[in-house]
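Morning, everyone. I have one structure for you today. Please look at the screen, and then we'll walk through it.

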Amino acid sequence: MQAMTWTALLTLMLTAGCATMQSGDAVCAGTAEAARAHADALMIDGGPMSKRTGLALLDKRKAGCG
């Protein structure tokens, strides 16, 4: 289960912001803390806290990717 979680997180990071043409580096740098918080939340509860941090991460990446 934990390996699946890390695989999903890595996939999300690579496809959601880091692989874009427009300011990909800035998006990754600007969302690094949110990604860490989400990874921590997934390890802690895998439930409500992770849902909140995941949504925050996705919102930040979406805003950065235009």
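Let's start with the fold. The chain has 3 helices and 0 strands. Read along the sequence, that gives the pattern α-α-α. Keep in mind that this is a predicted model.

So how far can we trust it? The mean pLDDT of the chain is 75. Of its residues, 68% reach 70 or more. Where in the chain is confidence lowest, and where is it highest? The lowest is helix 1, residues 2-18, with a mean of 66. The highest is helix 3, at 82.

Next, the chain as a whole. It has 66 residues, and 27% of them count as buried. The accessible surface comes to about 4,400 Å². Carbon and sulfur atoms account for 66% of that surface. Now the contacts. Take those between residues at least 6 apart in sequence. Of these, 61% join residues at least 24 apart.

Now some single residues. We begin with T31. It is found in helix 2. Is T31 buried or exposed? T31 counts as buried, because its relative accessibility is 3% and the cut-off for buried is under 20%. Which residues does T31 touch, leaving aside those up to four places away in sequence? The answer is L57, K60 and R61. Helix 3 covers residues 48-65, so you can find all of that on the screen by number.

Stay with helix 3 for a moment. A56 has its place there. A56 is partly exposed, with a relative accessible area of 34%. Compare its position with A37. The two are 19 residues apart in sequence. In space, they are 9.8 Å apart, C-alpha to C-alpha.

Last topic: charges. How many salt bridges does the structure hold? It holds 1. The partners are R36 and E33, whose side chains meet at 3.1 Å, N to O. Both lie in helix 2, residues 24-44. They sit 3 residues apart, about one turn of the helix.

Are these two partners buried or exposed? E33 counts as exposed, because its relative accessibility is 52% and the cut-off is over 50%. R36 is at 47%, so it counts as partly exposed.

To recap: three helices in a row, α-α-α. A buried T31. And one salt bridge, between R36 and E33. Thanks for listening.

Technical notes: Residues are numbered from 1 along each chain as its sequence is written. This is a predicted model: local features need pLDDT of at least 70, side-chain atom pairs count only at pLDDT 80 or more; totals for chains, interfaces and linings use all residues. Side-chain values use heavy atoms; hydrogens and water are left out. Helices (H or I, at least four residues) and strands (E, at least two) are DSSP runs, numbered from the N terminus. Buried means under 20% relative accessible area, exposed over 50%, partly exposed in between (1.4 Å probe, protein chains only). Contact means heavy atoms within 4.5 Å. Accessible areas come from the Shrake-Rupley method with a 1.4 Å probe; for residues, only the protein chains shown count as cover. A salt bridge is a side-chain nitrogen of Lys or Arg within 4 Å of a carboxyl oxygen of Asp or Glu. pLDDT is the predictor's confidence in each residue, from 0 to 100.
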